[in-house]
Amino acid sequence: MSCVVTKRTSNISHSTMMLHNTFASSTASARCGSTTNATRPVRVRLAPARAYVEEKQKGESSVVAAAAGTNQLEALKTMSVVVADTGKPQLVKKYKPQDCTTNPSLCYQAVQDPEYQGFLQQALQAKAVKSNDPARPYAGVADVLSVIIGSEMLKIVPGRVSTEVDAHLSYDSKACYDKAMRLMDMYAARGIEPGRVYIKLASTWAGIDSCRELQRQGVDCNMTLLFSFGQAAACADVGAALISPFVGRILDWHKAKHGRDFAPHEDPGVASVSRIYKYYKAHDYKTIVMAASFRNAGEIRELAGCDNITISPALLDELQASSEPLPRKLWPTMGGSNDELVSGISQAAFYELHGSDEMAVEKLTQGIDSFAADQKKLEEQLAQLAATL
């Protein structure tokens with residue numbers, strides 16, 4: 001059998017699970033990654049950044065009120081690791097998050113600000129950077145830019161920065177792996193320790209396959225564009241350090257599908273993250289759940305207590321402005337998972353699980369296309385600036 005579904009028990013150790021897939025090259029045309037028949041156990045390492053997550057999880061009171069003189073953002077920080085969803089260092093300084101993130105969309109937005117034009121010029125000065133794709137001569141320079149911005153963020157936050165692998169590579173596991181290692185090399189050249197970086201990969205089978213090998217090499221991965229339970233189960237199964245389920249984009253799909261809005265307590269994106277969180281805790285996975293892509297502050301409030309929450313500046317402002325009590329909605333020992341353990345997941349089993357979710361299939365494809373388009377815009381901006389130098 002390619003995938004084993006096991007009944008839940010009261011004490012399941014994920015570190016004892018054996019996977020019989022290892023890393024191999026694939027082609028972009030295959031659009032599904034690679035599998036081989038070598039046998040090797042996946043060791044789930046406790047990443048240094050998880051220490052503060054587990055410390056926060058020790059306090060499991062059901063309600064944390066915003067005390068006098070504080071606000072909902074500060075209350076949330078006592079329950080969840082808050083991550084700033086912005087590419088602008090000045091905003092990271094303002095909100096004082098634990099971690100931060102970059103992606104082509106955020107980098108493109110950041111460098112529209114004249115204050116950050118210097119980052120573009122620094123990236124262009126890295127003349128040794130070459131692209132393997134003649135049609136995209138500035139792809140390598142865009143990588144340098146993301147590392148420059150990430151390095152600036154790390155001067156501000158005490159935790160980590162997430163840096164994204166080019167979305168154009170999302171269906172090629174070997175290309176994802178190679179790009180991730182190049183990004184880590186660039187951070188190392190700037191004196192950044194590996195334990196301060198997450199590599200962001202799209203949660204395709206190819207991305208998950210790459211994650212398996214990167215984690216074995218000591219590179220912690222943030223699996224992004226995650227919309228289905230199947231994606232979440234597979235990411236945990238290969239030992240991903242962190243996942244980023246997209247709350248708001250799930251809501252968008254259901255609003256369009258059903259022609260109505262959803263209150264935060266019934267929000268399909270909130271329900272998806274809650275299900276994944278409970279499943280991970282029930283089966284003793286150490287993979288961090290980082291809720292992402294919010295449409296309103298109500299969604300954030302409904303997920304208070306989730307391991308990590310990445311929040312845009314506008315919603316950070318809204319939480320900071322509110323002094324209302326903030327109830328804790330999620331905690332590690334809350335129980336409530338009815339999902340059986342999915343172990344040793346194969347490519348075929350992944351597509352069966354993920355492919356049964358119409359919303360997830362559609363949003364994953366759209367997300368990759370959108371990130372790739374933003375990457376292209378960023379490269380075009382680099383080319384225009386290079387022409388003026």
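Which handedness does the β-α-β unit made by β7, helix α7 and β8 have? The points below come to that, after a word on confidence.

1. **Confidence first.** Please keep in mind that this is a predicted model. The protein averages a pLDDT of 84, and 81% of the residues score at least 70. Over residues 7-62, though, the pLDDT is below 50, while the model still gives this stretch 149 contacts beyond near neighbours in sequence. Residues 65-69 also stay under 50 in pLDDT, and for them the model has 9 contacts beyond four places in sequence. I would read the details in those two segments with care.

2. **The overall make-up.** The secondary structure comes to 15 helices and 14 strands. Of the 389 residues in the protein, 57% are buried. Among contacts with a separation of 6 or more, 71% are accounted for by residues 24 or more positions apart.

3. **The barrel.** Here is a good place to begin turning the model on your screen. Eight strands form a closed barrel in the order β5-β6-β7-β8-β9-β10-β11-β12, with parallel pairing. Neighbouring strands of this sheet are turned by 25 degrees against each other on average, with direction ignored. Helix α15, residues 358-388, packs on the sheet and touches β7, β8 and β9. The direction of α15 makes about 115 degrees with that of β9, which spans residues 221-226.

4. **Strand β7 and its neighbours.** Strand β7 covers residues 161-164, with V161 and T163 pointing one way and S162 and E164 the other. All four of these residues are buried. On one edge, 2 bridges join β7 to the parallel strand β6, residues 99-101. There, C100 stands opposite V161, and T101 stands opposite S162. Strand β8, residues 197-202, also runs parallel to β7 and is joined to β7 by 4 bridges. Within that pairing, S162 stands opposite Y198, so S162 is a handy residue to select if you want to see β7 between its partners.5. **The answer to the opening question.** The unit made by β7, helix α7 and β8 is right-handed. Helix α7 spans residues 173-189.

6. **Where the barrel closes.** Which strand does β5 pair with over 4 bridges? The partner is β12, and β5 (residues 81-84) pairs with β12 in the parallel sense. A84 has I311 as its bridge partner in β12. Strand β12 also runs parallel to β11, residues 288-291, and 2 bridges join these two strands. M290 stands opposite N308 in that pairing. Both faces of β12, residues 308-311, are covered: N308 and T310 on one side and I309 and I311 on the other are all buried. Here too there is a right-handed β-α-β unit, made by β11, helix α12 (residues 297-302) and β12.

7. **T204, a loop residue.** Is T204 buried or exposed? T204 lies in the loop between β8 and α8, the latter being residues 205-216. T204 counts as buried because its relative accessibility is 4%, under the 20% cut-off. Leaving aside residues up to four places away in sequence, T204 touches S170, Y171, F350, L364 and I368.

8. **L214, a helix residue.** L214 is found in helix α8. With a relative accessibility of 0%, L214 counts as buried. Beyond residues up to four places away in sequence, L214 touches Y177, A180, M181, L201, V219 and C221. L214 and C176 are 38 residues apart along the chain, and their C-alpha atoms are separated by 9.7 Å.

9. **The annotated segment.** UniProt, in an unreviewed entry, places the feature "coiled-coil region" at residues 361-388. In the model, the chain over residues 361-388 is 100% helix and 0% strand. The end C-alpha atoms of this segment are 42 Å apart. When you look at this annotation, keep α15 (residues 358-388) in view, as this helix packs on the barrel sheet.

Technical notes
Residues numbered from 1 in each chain as written. Predicted model: local features only at pLDDT ≥ 70, side-chain atom pairs only at ≥ 80, totals over all residues. Heavy atoms only, no water. Buried < 20%, exposed > 50% of the residue type's maximum accessible area, 1.4 Å probe, protein only. Pairing = 2+ DSSP bridges. Right-handed = clockwise from strand over helix to strand, strands pointing away. UniProt positions renumbered as here; feature names shortened; annotations may be inferred. Axes fitted to C-alpha atoms, helices over the stretch in contact; angles between N-to-C directions. Contact = heavy atoms within 4.5 Å. pLDDT = per-residue confidence, 0-100.
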